[in-house]
Amino acid sequence: AVPGARVGVAQSLDRVIFHTDWRAQAEHGGFYKAVADGIYRRHGIECEIRMGGPQQNPAQLLLAGRVDAIMGNGFQALNFVRENIPFLCVGAVFQKDPQILMTHEGNGITRFEEMRGRPVLIGAAGRVTFWPFLKARFGFTDDQIRPYTFNIQPFLADRMAIQQGFLSSEPFSAIQAGIRPRVFLIADAGYENYNNTVLVSRRMVDTRGEVLQRFMTASIEGWAGYMAGRDNAAADAAIIRDNPEMNAERIAYAIRVMNEMGIVMSGDAERLGIGAMTDARWESFYNSCRDAGLYPAGMDFKRAYDLRFVNQRVGLT
Amino acid sequence: MELARGDFLALLGPSGCGKSTLLRMIAGLIPPSAGEISFPADPAARKGIGFVFQEPTLMPWATAARNVALPLELAGMNRREAHARAVEMLARVELAGFEDAYPRALSGGMKMRVSIARALVTRPRLLLMDEPFAALDEITRFRLNNDLLNLWRDERFTVVFVTHSIFESVFLAERVVVMAPRPGRVVRELRVPAEDRDTPEFRTSASYAAHCREVSHALAAAMEAA
Amino acid sequence: MELARGDFLALLGPSGCGKSTLLRMIAGLIPPSAGEISFPADPAARKGIGFVFQEPTLMPWATAARNVALPLELAGMNRREAHARAVEMLARVELAGFEDAYPRALSGGMKMRVSIARALVTRPRLLLMDEPFAALDEITRFRLNNDLLNLWRDERFTVVFVTHSIFESVFLAERVVVMAPRPGRVVRELRVPAEDRDTPEFRTSASYAAHCREVSHALAAAMEAA
Amino acid sequence: MISRAQALRWFAPAVLGFLALAAWEWAVWAQGIPSYILPGPVQIAQTLARDWDSLSVSLLVTVQITFAALAVAASLGLLLAILFAQSRVIEMSLFPYAVVLQVTPIVAIAPLIIIWVDDVRAALLICAWIVAFFPILSNTTVGLQSTDRNLLDLFRLYGASRWQVLWRLKLPSAMPYFLAGLRISGGLALIGAIVAEFVAGTGGTASGLAYRILESGYQLQIPRMFAALVLVSGTGIAIFMALSLLSHLLLRRWHESADTGEHR
Amino acid sequence: MISRAQALRWFAPAVLGFLALAAWEWAVWAQGIPSYILPGPVQIAQTLARDWDSLSVSLLVTVQITFAALAVAASLGLLLAILFAQSRVIEMSLFPYAVVLQVTPIVAIAPLIIIWVDDVRAALLICAWIVAFFPILSNTTVGLQSTDRNLLDLFRLYGASRWQVLWRLKLPSAMPYFLAGLRISGGLALIGAIVAEFVAGTGGTASGLAYRILESGYQLQIPRMFAALVLVSGTGIAIFMALSLLSHLLLRRWHESADTGEHR
Ligand SMILES: Nc1ncnc2c1ncn2[C@@H]1O[C@H](COP(=O)(O)OP(=O)(O)OP(=O)(O)O)[C@@H](O)[C@H]1O
Ligand SMILES: Nc1ncnc2c1ncn2[C@@H]1O[C@H](COP(=O)(O)OP(=O)(O)OP(=O)(O)O)[C@@H](O)[C@H]1O
Ligand SMILES: [Mg+2]
Ligand SMILES: [Mg+2]
C-alpha cells in the first residue's frame with residue numbers, strides 16, 4: 001500500500017481509498033503518479049492505493065464499504081445494474097481493453113477466425129467477459145477453453161498454443177523467455193469494453209460528489225503525465241516497491257505498447273480527455289453484450305455510469 | 001440379600017453367572033435390570049468403595065506408583081503424600097522396587113497386585129474384590145489372605161469377595177453366597193461361624209473341611225440347577 | 001531342563017519369576033537372553049503349538065467362534081469347516097450358545113475359555129498354557145482338568161502348564177518344575193510317578209497329599225531363596 | 001428414557017440450526033444489510049431453488065470428482081500405509097515424499113499438474129487426491145503400528161503369513177484410525193476438488209461449484225454465490241455424516257468409540 | 001545388530017533421496033528440458049543459495065504464521081473436542097458447523113475474511129487456522145470416545161469429577177489420536193498459511209513464501225519458484241519430523257505405536 005504522505009498543514013485532506021485490480025504495474029501508473037508526485041494532495045485528497053491480485057475480487061470490497069473506489073471494467077458496471085446494486089462507473093482510463101490473445105509467430109495463425117476450434121488458455125474472469133464476445137463474434141465454443149492459471153509455461157512449451165493475456169504483460173514475459181509472440185488485441189476486433197474504470201458507490205456520487213470530482217481530476221492529471229513520460233521516477237519506484245517483480249524495463253515496455261496501441265489515448269479520449277465515456281459507446285457495448293446473452297434485454301444500462309466527472313478535457317492541451 | 005456393615009461376604013458361582021455384574025451393581029456402576037439395590041441413609045455409604053476388577057484395569061501411561069496413588073489424588077490428597085502411601089502399599093503387595101515400572105513391563109500377577117494395592121490404599125469402607133488373587137501363587141495368596149483378614153478384623157470394613165476357590169471363601173468369609181446362572185441369582189447362603197474361624201489352626205481343622213464340603217455341594221447343586 | 005515328547009510338565013513359581021517369559025521363549029516368541037532353547041531336528045517340532053496366554057488375547061472385532069476358528073483358518077482350512085470345529089470346541093468348554101457373542105459381552109472366565117478352546121482346536125503337539133483355569137470356578141476347572149488329562153492320555157501331546165495351584169499341578173503333571181525369581185531360574189523338579197497318577201481315586205489318596213506337601217515346600221524354599 | 005435421549009440428540013441440533021438461521025435472517029433484516037453484502041438464508045434458499053437447474057449440474061460435477069478423489073485417496077492411502085507398515089526402513093524412506101505431497105501448496109502446483117496432465121478432469125482429480133490422501137495415510141500408519149502386541153505374538157505363533165497378519169489382524173485393529181482419517185479426508189477431497197477448480201478455473205458446461213462461486217462473484221450475484229457455498233457446505237456435511245455412519249456400522253460391535261454412549 | 005538396523009534406518013532414506021535427485025538431474029540433462037519448464041536440483045540448489053537472503057525472510061514469515069496457526073488449531077481443536085466429549089447432544093449440535101468450516105473452500109471465503117478482519121496478518125492466521133483445525137478436532141473426538149470403559153468405571157467409582165476424568169483419563173488415552181491429528185494438521189497449517197497468502201496476495205517486504213512462488217512464476221524465474229517450493233517442502237518435512245519426535249517421546253513408554261519396532 002502507498003499511503004499518501006501525511007501533510008503537516010492544518011488543512012484537512014479528504015481520504016480516498018482506491019483499490020486496483022491487479023498487482024502494481026504500469027497499467028496503474030497514473031494513479032501511482034498522482035500519489036507520488038503529490039497531485040492528489042494538491043487537490044486536497046489523501047489517496048491510499050491498495051493493490052489487487054489474482055483470486056481477488058475487489059468489487060466485493062467496494063460493496064462491503066471497505067474501500068471508496070476500485071479499478072474495474074465495463075462489465076462490472078453493467079453487473080451493478082442487473083443485480084440492482086447502487087454502484088456505478090464514473091470514468092474509464094482505458095478506451096481500449098488491453099486484453100489480448102497471443103500465439104507463436106509463424107505458426108500459421110494470423111486471424112481470430114483461425115483460432116476457431118483450437119484450445120485456448122482462458123482464466124476464470126475471462127469466461128464472463130471477453131470470451132462470450134469471442135464466441136458471439138468468431139464462433140468460438142466452450143470446449144476450446146483450457147484453464148489459464150497466470151503461468152505461461154504451457155504456452156512456452158507448445159508452439160500451437162493460444163492464450164489470453166494483458167497487452168503489456170504476457171507478451172513481454174514470452175519475449176523474455178526467448179519466444180516471439182503474435183499478439184491480437186481483442187478491442188481491435190470490436191470489443192468495446194471500457195477497462196481501468198473507476199467504480200464507486202452511488203452514495204459517494206450523491207454525498208461526496210465534490211471530493212470525487214477532485215479525485216477524478218487529479219487521477220486524470222496523473223495519467224496524462226504518466227503516459228507522456230514526464231519524470232515518472234517516483235511513480236515507478238512506488239510501483240516497484242509495491243510489486244518487486246516489476247522493473248524499469250517492464251514498465252518502459254508497457255508504456256510503449258500502451259501508447260502504440262492507443263489504450264489510453266484514442267477515440268473519445270482524444271476529444272474529451274483521458275477517462276472519457278460516452279452514452280453511445282455504453283449503449284453499443286450493452287447491446288453487443290445483450291446479444292451475446294450476457295444481460296437481459298431492456299436493462300436500464302444508463303444507470304451503470306455517470307458522465308459528469310470526466311469528459312472535461314483535463315490534461316488536453 | 002442383605003449386606004450389613006462389617007460383613008465379609010464371599011461370592012461363588014459358575015463362570016458367567018453374573019458375579020462381576022452383581023459387584024458392579026453394588027458399586028452403582030450399572031443399574032439393576034430388575035429389583036433394586038438400596039443403601040442406608042448414610043450419605044457416605046457409597047463413598048469409600050474400593051474395587052478390584054477382574055482385569056487389572058491399570059492406566060497404561062502411568063507407573064505402578066501413580067496407578068496406586070490415583071484414588072488418593074482423585075480425592076484431593078497432594079501428590080507427594082499420595083505417592084508415599086502408594087509406595088508403602090506397593091511394598092505390602094511385595095512390589096517394592098517396581099514403583100516406576102509401567103504396566104506393560106509387569107507380569108500378570110504383578111499387575112493384579114498393583115490393582116489390589118490401588119483398592120486398599122484408600123482404606124475403603126466397602127471393599128469389592130473380583131477374583132483378586134486368582135493370578136497369584138499360593139504362598140503370596142495365603143499371605144495376602146491373612147493380611148486381608150487381619151486388616152478386616154482391625155477395621156471391620158465391609159467386604160464382598162468373588163472367588164472360585166472354595167477353600168479361600170471358607171477361610172476368609174463369614175458368609176458364603178452361592179450364585180447360579182441363567183438367570184443369575186443367589187441360590188444358597190452359608191455362614192461360617194466366628195467361633196470356628198477365629199482359631200489359629202482353622203485351616204487344618206475338621207470344621208474347615210466340613211464347611212468346604214458344604215460349599216462344594218452347594219456349588220454343584222447350583223450348576224446342576226442351571 | 002529337558003522336555004521330551006509327550007511330557008506333561010507343570011510350572012510353578014512366585015508371581016513375576018518368569019514363567020510367562022519362559023513359555024514365550026519355548027514358543028519362540030522371544031529369544032532367550034542367555035542359554036539356548038534347542039529343538040529336535042524334526043522340522044515340525046515348532047509347528048503345532050497351542051498357546052493359552054495369561055490374558056485371553058481375543059480379537060475384539062471377531063465373535064467367539066471366529067476367534068476359536070482363527071488358528072484353523074490361518075492354517076488354510078476352509079471357513080465353514082473351521083467354524084464347525086470351533087463351535088464344537090466351544091461346546092466342550094461349555095460355551096454353546098455364545099458362538100456369536102463378541103468378546104466384550106463375555107465374562108472374564110468365558111473369555112478365558114474361548115482362549116482355551118482356541119488353543120485346543122488345532123489338536124496341537126505342544127500345548128503351552130499360562131494359568132488357563134485361574135479364572136474358572138472349581139467345578140468347571142475340575143472338569144476341564146479331567147478333560148485335558150484324558151485328551152493327553154489319548155494323544156500324548158506335550159504340555160507345559162503354568163499354574164499357581166499346587167493341587168492342580170500334582171493332579172495334572174508328571175513333572176512339576178518349581179521356579180525362583182531374580183534371576184528367574186528352575187530350582188527344583190519333582191516327578192509324580194505314573195503308577196500313582198493313574199489310579200482313579202488319586203485325588204483323595206495319601207500319595208497325592210504327600211506330593212502336594214512336597215511341592216508346597218519346594219515352592220516355599222524357592223521364595224525364601226529369592 | 002432412551003427414546004427421550006435419542007430424540008434430544010436429533011432435536012437439539014435441529015433447533016440450534018434453526019435458531020442460528022433465524023438469528024442470521026433477523027440480523028440481516030434488522031440491520032438492513034443489503035443482499036449484495038450478506039443475503040439472508042431465506043433469500044439464499046430462494047436463489048437455490050430458482051437456480052437449481054444450473055447449480056445441480058455443477059454440484060454433480062463436484063461430487064463426482066470428490067468421490068473419485070476420495071476413493072483413490074482411501075485406497076492409495078491405505079496401500080501406502082500397508083507398504084510403510086512392512087518395515088521401518090520403507091516408512092522412513094518414503095514418508096518424506098508423502099509429506100512433500102501434502103505440504104506442497106496445491107495452488108502452486110495445480111498449474112504444473114494442468115500442464116503435465118492433458119485431461120482437465122484428470123488434473124482436477126489428481127489435485128483433489130493430493131489434498132485428501134495424507135490424513136488417511138498418516139492415521140492408518142499409526143493405526144497399523146498400534147496393533148496389540150499379544151495378538152501379534154499369537155499370529156506369529158500360529159505361523160500366520162505376512163498377508164494374514166495384515167489382513168486379519170493389523171487392518172482390523174487399524175480400522176478406527178483409518179475411519180477417523182477417512183472422515184477428515186472426506187472434507188479435504190471436497191476442498192481439493194473445489195480449490196483445484198478455483199485455480200484451474202475450468203468452466204464451460206462441465207464446470208463444478210467452484211466455478212459457479214467464482215462466476216457469481218465476478219457477476220456480483222452474491223445470493224447465488226452463497227447458494228453455491230451452501231451446496232458445498234451441505235455436501236461436506238453429507239459426506240461427513242455418511243462416513244460417520246459407515247464408521248459406526250463397522251465399529252459398533254467392538255470398538256469403544258462407536259458405543260451408544262450410555263457411559264458418558 | 002541394533003546399530004546396523006539403526007544405521008540402515010537413516011542410511012536408506014538418504015540413499016534413496018540422493019538417487020531420486022540424481023535421476024531428476026539426469027532426466028533434465030538427458031532430455032534437454034529447459035530450465036523454465038523444469039530446472040534440475042543442482043540449479044535449484046544454486047538458486048536457493050543465491051537468493052537465500054530474500055527467501056529466508058519469506059520463509060520466516062511463513063513459518064511464523066504456520067506455527068501460530070498450528071498452536072491455535074491445536075488448542076482450539078482440543079478444546080472443542082473436549083466440549084464435544086461432554087455430551088452427544090453438544091457434539092451432534094456443533095459438529096456440523098465444524099464440518100462447514102472445514103469444507104468451506106478457503107479460496108472462496110478468504111476474501112470475506114479479509115473484508116471482515118482488518119489486519120492482514122490476523123486474516124492469514126484465521127485462514128490457516130480454518131484449514132488446520134479439523135483433523136485435530138476430529139481425531140481427538142474419536143480418541144476421547146475410545147477411552148477404556150473399565151477405566152471409566154474406575155474413575156466414576158472413585159468419585160472423580162468431570163474435570164479429573166477428562167484430565168487424567170480421557171486426555172491421556174486420546175493422546176495417540178490427538179498426536180496423529182497434530183501430525184496431519186502440521187502440514188495443513190503450512191498449506192493454509194500459503195494458500196491464504198496466495199489468495200490475500202499480501203506483497204511487499206513482509207511477504208511469505210507463497211508470494212515468492214507467485215512472483216517467480218509470473219516472472220518466469222522458474223528455478224527460483226522451485227527453490228521456494230523446496231523451502232515449503234522442507235519446512236513441511238521438518239514440522240512433520242518434529243511432531244513425530246514429539247509423539248514418540250510422549251508415547252514411547254506406554255503406547256504400541258511408539259514402540260521401537262522390534263516386534264515387526
Ligand atoms: N516388557 C517387559 N519389559 C521389561 N520387563 C518385563 C517385561 N515383561 C515382563 N517383564 C519382567 O519380567 C519378569 C518376569 O515376568 P513374567 O511375566 O514371565 O512373570 P510370571 O512368572 O509369568 O509372573 P505371573 O505369575 O505374575 O504371571 C517380571 O519381573 C517382569 O517385571
Ligand atoms: N457388555 C455385555 N453385554 C452383554 N452381555 C454381557 C455383557 N457383559 C457381560 N455379559 C453377560 O452377563 C453374564 C454375566 O457376566 P459376569 O461378568 O457378571 O459373569 P461372572 O459371574 O463374573 O463370570 P466369571 O466368573 O467368568 O468372571 C455373562 O453371561 C455375560 O455373557
Ligand atoms: Mg467375572
Ligand atoms: Mg505370567
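**Exercise 1.** Work out how far an oxygen atom of ligand 2 is from a polar backbone atom of Cys17(B), then add the contacts made by Gln54(B) and Ser107(C).

*Solution.* Start with Cys17(B): the distance from its polar backbone atom to the ligand 2 oxygen is 3.3 Å, inside the limit for a polar contact (N or O atoms within 3.5 Å). This is a predicted model, with local features needing pLDDT of at least 70 and side-chain atom pairs pLDDT 80 or more, while totals for chains, interfaces and linings use all residues; side-chain values use heavy atoms, without hydrogens or water, residues count from 1 along each chain as written, and chains run from A and ligands from 1 in written order.

Next, the side chain of Gln54(B) puts an N or O atom 2.7 Å from a ligand 2 oxygen. Then hop to the other chain, where a polar side-chain atom of Ser107(C) sits 2.6 Å from an oxygen of ligand 2. On its own, ligand 2 exposes 640 Å², and the protein buries 69% of that (Shrake-Rupley, 1.4 Å probe). Two elements give two or more residues to the ligand 2 shell: α1 (19-26) of chain B and α4 (108-120) of chain C (DSSP runs; helices H or I, at least four residues, strands E, at least two).

**Exercise 2.** Locate ligand 1 relative to the chains and list its polar contacts with Ser15(C), Gly18(C) and His164(C).

*Solution.* First, place it: ligand 1 lies between chains B and C. Of the 17 residues around it, the nearest are Ser107(B), Gly16(C), Lys19(C), Ser20(C) and Thr21(C) ("near" being a heavy atom within 4 Å).

Now the contacts with ligand 1 oxygens. Ser15(C) offers a polar side-chain atom at 2.8 Å, and Gly18(C) a backbone N or O atom at 2.8 Å. For His164(C), a polar side-chain atom is 3.3 Å away. The protein covers 69% of ligand 1's 640 Å² of accessible area. α4 (108-120) of chain B and α1 (19-26) of chain C are the elements giving two or more residues to this shell.

**Exercise 3.** Identify the residues that coordinate the magnesium ion (ligand 4) and say where they sit in chain C.

*Solution.* The ion is held by OG of Ser20(C) and OE1 of Gln54(C), at 1.8 to 2.1 Å (donors: N, O and S atoms within 2.8 Å, or 3.2 Å for Na, K and Ca; with water absent, sites may look incomplete). Ser20(C) belongs to helix α1, whereas Gln54(C) is in the loop between β2 (49-52) and α2 (64-74). The pair is 34 residues apart, linking distant parts of the chain.

Note on methods:
A polar contact is a pair of N or O atoms within 3.5 Å; within protein, one must be able to donate a hydrogen and the other to accept it, and residues adjacent in sequence count only if both atoms are side-chain atoms.
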